[in-house]
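Reader: I have just opened this one and would like to be walked through it slowly. Could you put it up so that we can both look?

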Amino acid sequence: MPRLARSEWYDLTRDMNWSLSYVKEEEVWPAELSNGFGLPAEAWWVWDEPYKVTYPEYVHNQYGKDAGVYAVNAVIGRSKVYEQLDPGWKSAIIAHYGVIAIPEYLASLAESRMGRFGRAAAWRNMATFGTLDEMRHGQIQTYFPYGLLAKEPRADWAHKALHTNEWGALAARSLFDDMFTANDAVSTAVQLTFTFETGFTNLQFLGMAADAMKVGDVDFGALISSIQTDEARHSQQGEPTIKLLVEHGRKDVAQQLVDHMFWRSWRLFALLTGLSMDYYTPLEHRGHSFKEFMREWICKQFLDQFRDFGLEKPWYWDEHFLPELDWYHHALQLGIWYWRPTVWWNPDAGVAPEEREWLEEKYPGWHDTFGGHWDVIDRFLGGQIQPPTMEGALAWMGLSPDEMGRDATDYAWAQAAPHDRSAARG
Ligand code: MN
Ligand code: MN
């Protein structure tokens with residue numbers, strides 16, 4: 001068989017659209033699974049992905065990536081590298097696996113929906129690669145923590161977290177179900193691939209990859225760098241989708257989808273990336289602060305992309321989003337450290353004297369807002385309340401037994417005869 005040059009067959013195989021004659025458009029692309037937002041079916045046919053790959057190239061590349069990253073894992077798994085990692089860093093990766101591993105698999109459902117219900121053949125072709133990518137990410141991020149089980153039993157939360165009602169898992173499940181598994185193909189391209197992947201997973205993966213190498217976690221660094229190369233490719237399904245919506249007068253749809261999912265993604269990533277970067281990563285290995293990273297990756301680069309498409313920054317950007325860069329993840333850190341039995345990792349307080357100095361330098365005013373005040377719990381734990389008992393705390397507050405609050409009617413309300421509800425029902 002003659003070998004054809006790639007250019008002679010590529011466009012024919014990746015992009016062969018056809019008109020329907022036996023079925024109606026809405027039967028093939030029902031709105032629940034693929035909302036065309038009123039664009040004529042053939043308008044989608046010019047959909048053109050910026051990054052192109054053939055199936056043989058894809059398989060060759062992915063095979064090489066997996067061979068490389070599993071080889072690193074096999075070597076590190078026999079070493080003492082994990083045991084020697086900083087405790088805060090270990091918390092960051094155990095949190096990451098719990099929040100990310102199963103959702104990567106869920107993302108393969110979103111990709112396969114675009115692989116079937118995307119509105120152009122080229123798009124469905126790209127989404128098929130995306131499906132394979134996300135299956136790989138789900139597998140690799142449950143396999144690596146599986147290898148850690150002997151050293152850290154809670155690594156099994158990579159698989160377990162999303163199947164529990166732990167509060168962070170509830171929040172993650174709500175977000176990912178709305179964005180990945182219960183979304184139509186067109187909205188998925190805008191929300192998952194553009195807003196979430198181009199914006200936020202870049203942040204988590206590039207930020208964590210850089211920090212992993214600095215703290216000496218070669219295993220985790222190699223893993224997420226390998227994943228990121230796939231994300232960079234399949235996240236490009238958002239761009240041509242937004243372009244077509246805008247060109248056909250549906251900028252309002254694209255804008256609303258971005259505004260909605262940007263806000264929800266921000267809240268989850270502040271929890272995951274914010275705490276990891278500013279509190280859990282050992283001070284000597286911190287490069288940028290979370291806020292600096294957000295300013296570079298989100299406020300500058302991602303915003304430029306919105307504008308290139310003719311979209312505006314989300315309506316809440318200046319008034320709500322930018323101010324939150326200064327306080328939101330610090331507030332989460334306070335809450336999570338105090339409520340640490342409710343998470344599956346060990347929260348690192350991260351407020352030793354030199355860490356406080358760093359926080360004050362990166363977030364001027366941090367000390368007055370988050371480090372200044374001694375609340376009752378601080379004083380109790382700090383030994384100012386003696387004896388450290390309920391009686392001791394009440395005496396410390398100046399309340400004698402005669403002065404302490406009691407029920408105003410001495411429970412008279414509880415002594416009254418119960419109301420006969422069955423009589424009322426007749
Ligand atoms: Mn992925
Ligand atoms: Mn992805």
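Reader: Is Asn61 buried, partly exposed or exposed?

Author: Asn61 is partly exposed, with a relative accessible area of 36%, where buried means under 20%, exposed over 50% and partly exposed in between, using a 1.4 Å probe and protein chains only. Asn61 is found in helix α3, residues 55-77, helices being DSSP runs of H or I with at least four residues, numbered from the N terminus. This is a predicted model, in which local features need pLDDT of at least 70 and side-chain atom pairs count only at pLDDT 80 or more, while totals for chains, interfaces and linings use all residues. Residues are numbered from 1 along each chain as its sequence is written, chains are lettered from A and ligands numbered from 1 in the order in which they are written, and side-chain values use heavy atoms, with hydrogens and water left out.

Reader: How far apart are the C-alpha atoms of Asn61 and Glu152?

Author: They are separated by 32 Å, and the two residues are 91 apart along the chain.

Reader: On to the metals, then: which residues are the protein donors of the manganese ion (ligand 1)?

Author: Glu104 (OE), Glu134 (OE), His137 (ND1) and Glu231 (OE) are its protein donors, lying 2.0 to 2.2 Å from the ion; donors are N, O and S atoms within 2.8 Å of the metal (3.2 Å for Na, K and Ca), and water is not among the atoms, so sites may look incomplete. Glu104 in helix α4 and Glu134 in helix α5 are 30 residues apart, a pair that links distant parts of the chain. Glu104 counts as buried at 8% relative accessibility, and Glu134 is buried too, with a relative accessible area of 1%.

Reader: And which residue bridges that ion and the manganese ion (ligand 2)?

Author: Glu134 bridges the two manganese ions, which lie 3.4 Å apart. For the manganese ion (ligand 2), the protein donors lie 1.8 to 2.7 Å away and are Glu134 (OE), Glu197 (OE), Glu231 (OE), listed twice, and His234 (NE2). Here the pair of Glu134 in helix α5 (residues 121-148) and Glu231 in helix α9 (residues 218-234) is 97 residues apart, and Glu231 is buried, with a relative accessible area of 4%.

Reader: You mentioned α4; where is the kink in it centred?

Author: The kink is centred on Tyr97 and is about 30°, the bend at a residue being the angle between axes fitted to the seven residues ending there and the seven starting there. Helix α4 covers residues 87-117, and its 31 residues reach 45 Å from first C-alpha to last, close to the 45 Å expected at 1.5 Å a residue, that expected span being 1.5 Å times one less than the number of residues. Because 25 of its 31 residues are buried, α4 is largely enclosed by the rest of the structure.

Reader: Changing topic, how many aromatic pairs does a search of the whole structure find?

Author: It finds 38, counting rings of Phe, Tyr and Trp (its six-membered ring) whose centres lie within 6.5 Å, with planes under 30 degrees apart called stacked, over 60 edge-to-face and the rest tilted. One of them is Tyr70 with Phe144, which is edge-to-face because the ring centres are 6.0 Å apart and the planes at 70°. Tyr70 lies in helix α3 and Phe144 in helix α5, so this pair ties together parts that are 74 residues apart in sequence. Phe144 is buried, with a relative accessible area of 1%, whereas Tyr70 counts as partly exposed at 28%.

Conventions. Helices (H or I, at least four residues) and strands (E, at least two) are DSSP runs, numbered from the N terminus.
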